[in-house]
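Trainee: I've just opened this one. Can you walk me through it?
Mentor: Sure. Ask away.

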Amino acid sequence: MSRTVLGTALAAGIALTAGALAAPAGAAPEPGPRPAAVEASKPGEPGRAATAGKPGGPGQADRSGARSAWLPPGSEVVSSSANGYVTADARGRHHWHGDGGAPVPLEAGYAPAPLSDSAVSVQGSVVRLRDMARDAGTVTVDLAADGRDYTYIGVASNTVIARQGTVIRLLSHSGGVLTDTPVTGLPADAGSFRLVSATDSNALLQYATGPADAPRWHLAVISRDLGALTDTFPVAAPQGPRAAAVSGGHVAWMEPGATADAMTLVIAERGSTAAPQRQALTGIPSPLLGLAGEQVVYANSTPLDQGAADAPHTALTVRSISTGQIWKSLEHATTLVPGIDDALLVMGGRQDRQNPDYSGEGVYAVYGTRDGSEPTTQLRRSTGEPTEVRSPDHSVPPRPELDRNNGRVRLEWHLTRTNVDATLTIRDDRVPGATPAGEWTVRLDPQSGDSSGPGRLTHTWDGLLRDTSGREFAPAAGIHSWTLTVRPDNGVGEPLTVTGSFTVGYRDDPRSLFVPNGSPDLLAYDGSGGLWYEDTYHDPRKSTFEGRGRQSVGGDWKGYDRVVPAGDLNGGDGRPELLTRDTAGVLWLHPGTGTPGAFAPRTRVGGGWNIFERLSGGRDLTGDGRPDLVALDKAGGVWLYRGTGSPTAPFGPRVEVIGGAQPYDRLVSAGDLDGDTAGDLLTRDTAGVLWLHRGTGTGAFTARVRVGGGWNAFTHLVAIGDGNRDGRPDLYAFGPAPAGSSATAGWFYEGTGNASAPFTPRRSTPVLNEAPNGYRDVG
């Protein structure tokens, strides 16, 4: 081995340019949040400053703390040295970080070099090194000066590595003097040289021998201190820049396995003839590999927003070479570069609930050990991003309007990342500590449509719950809780649970007889003493009017021939009442209790009501805010009984509002069918024609408008109010089906708000279909 020391810089083709490294015009460090600084720390001792080249950094610590000058999200660490490190942001711009100051952008045309304070520019045979840590100017090395013909390979620790044929040339400079050291010993047919890794004293080169169509690959360790080739190792395939590593005692590399994501980790002891250690790894198609002390560090490069939960090597793993013991260093990693003094720099993240200021996404230093003890991992500089999934805010309305928009409500959460699988559960919590009356659970995936934009998890709730038997129903008014559980797809970070509550409320609906859920409750009297009710709901997914199945009101209702849901007659307690008429013609008031299937004891309204063929109530026809009652006499006249709000005398004197001997056999107080806010009436004549009588809001009605014929197919017509939650009243019609038929007996007519065509074509509904052959009365 020989060394040639050239006495002057100019004789060696070296030019020294005065001036320190400066940011190019217009360049500035990437802006970012600037929280209060925390002092950098030694491993295990938060708050104590680290020194150059010692545990606490590769290089000098960021003295103002890991969070004093945040990295832009999406940054990667690309090189390190004794005095700092270089990152690349998401746009590929490089920044030097040294001595805790603001990041300094590298000048255009310059790139970082491993374990070097210098940025490198290579133009033809001219290599320029700009010192990023000290005010030392620019060193220019011309590999073709004085007739030399060197080919550039790379730079490591401020040493230019080149070749002259199969001779490796190490060119280093100090005080303006260039030292050119040749390294021999490589095979005569060696070629395809590449620098794949380095330490502060060694360079790991890859080269090939043999024919070009069947090359044999090797790794060579060049000691820059000794200026000599110290070790060579045959490898099965060429190594990527992050899949091979060198230390003072070992060389490690990855070899392809049987499948695309399989690798074999090979660890060879330098200066030894012993067989290398081999460990088969799966799920590692993009390997990261490093050596720190007597430990090997590896992971599959996995960005925070990528990767699968069952991937076995997402986490950064540290393994003792001597004992095989394994530690998890980080939850995930994306880039890894060698440092000094048994350390590595890694861009990745971890979740640490005990020390949140020393966790999250950023540049970490991993300090290996030589005695088999557990390694130390320390955050050097943060991007400000959490590693775990978080939800900074949400848009869940505190009082969702389930009686609007067909009952649908948009719920949205802001997530720090959306490669997640989520479960949302909504529960009826009206009775604290009791078993919920119902709940709704749905799986959500923002990457499969459950998102309204970047960082958003969105769900449109259909406004329904399920009971313990799986039947759907509209939730009752009151407090409901929600729980969102978010699981990262790649398993990075613990699952997130976010909770909250909202209060379901509805506009007063006289048809919600038993359950205050804004949905109509229908009553049916079977004529044999059985009174039934069915809680209904709108299914927005199918646009259908559904029911939960009829249930008995209880008690003996024999002796009645009419049941009339009448609205809140007794003074504004918000509980709709029921009117019944017995066979003797006495009208009775049954006060509502708000409990499904339960009424308070009846009170007598008065006798003589058997002069009427039909009774219909529950709607305000006079504009005073109280429900009124209309009655159809046997001659076809329609009479209005104005509501008073008094429980003892609920109606004023009757007034005929549709006179004359009309051939009507059905009467329905239908609500505002034409959209003018006044309550309207429907009548059906004996020929089966349905007529609309538009109300004025004063208890009077305009001339009738023909709706259509064929309505004598139904035995019962019921104004159910807003059955599909579009803000317009609808109509329910009951069959019955032909004897012995399984055909539907119930039909739903959706209101349009248009007087000339107040209903859309009918759609079948299962409501009250348990007795398809008929009821005595339906209300």
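Trainee: How many helices and strands does the protein have?
Mentor: It has 0 helices and 60 strands. Keep in mind that this is a predicted model.

Trainee: What share of the residues is buried?
Mentor: Buried residues make up 55% of the 779 in the protein.

Trainee: And the surface? How much of the accessible surface belongs to carbon and sulfur atoms?
Mentor: They hold 49% of it, and the accessible surface comes to about 31,000 Å².

Trainee: Let's pick a sheet. What is the order of the open sheet of 4 strands?
Mentor: The order is 15-16-17-18, and the pairing is antiparallel.

Trainee: Which strands stand at the edges?
Mentor: Strand 15 (191–198) and strand 18 (228–235). Each has a single partner strand, so one side of each lacks a neighbour in the sheet. On average, neighbouring strands here are turned by 25° against each other, direction ignored.

Trainee: How many bridges join strand 15 to strand 16?
Mentor: There are 5, and the two strands run antiparallel. Strand 16 covers residues 202–209. Alanine 198 stands opposite alanine 203 in strand 16.

Trainee: New topic: pockets. How much space lies in the second largest pocket?
Mentor: About 660 Å³. It is lined by 40 residues, and the closest to its centre are Pro114, Ser197, Ala198, Val337 and Pro338.

Trainee: Which strand gives the largest share of that lining?
Mentor: Strand 15, with 5 residues. Other strands supply at least two residues each, including strand 27 (332–338) and strand 28 (343–350).

Trainee: So Ala198 turns up twice?
Mentor: Yes. Ala198 faces alanine 203 across the strand pair, and Ala198 is also among the residues closest to the pocket's centre.

Note on methods: Residues numbered from 1 in each chain as written. Predicted model: local features only at pLDDT ≥ 70, side-chain atom pairs only at ≥ 80, totals over all residues. Heavy atoms only, no water. Buried < 20%, exposed > 50% of the residue type's maximum accessible area, 1.4 Å probe, protein only. Areas by Shrake-Rupley, 256 points an atom, 1.4 Å probe, with all protein chains shown as cover. Pairing = 2+ DSSP bridges. Axes fitted to C-alpha atoms, helices over the stretch in contact; angles between N-to-C directions. 1 Å grid on protein atoms, 1.4 Å probe; cavity = no way out; pocket = protein on both sides within 12 Å on 5 of 7 lines; lining within 4 Å. Points joined across faces, edges and corners; volume = space filled by probe spheres on them.
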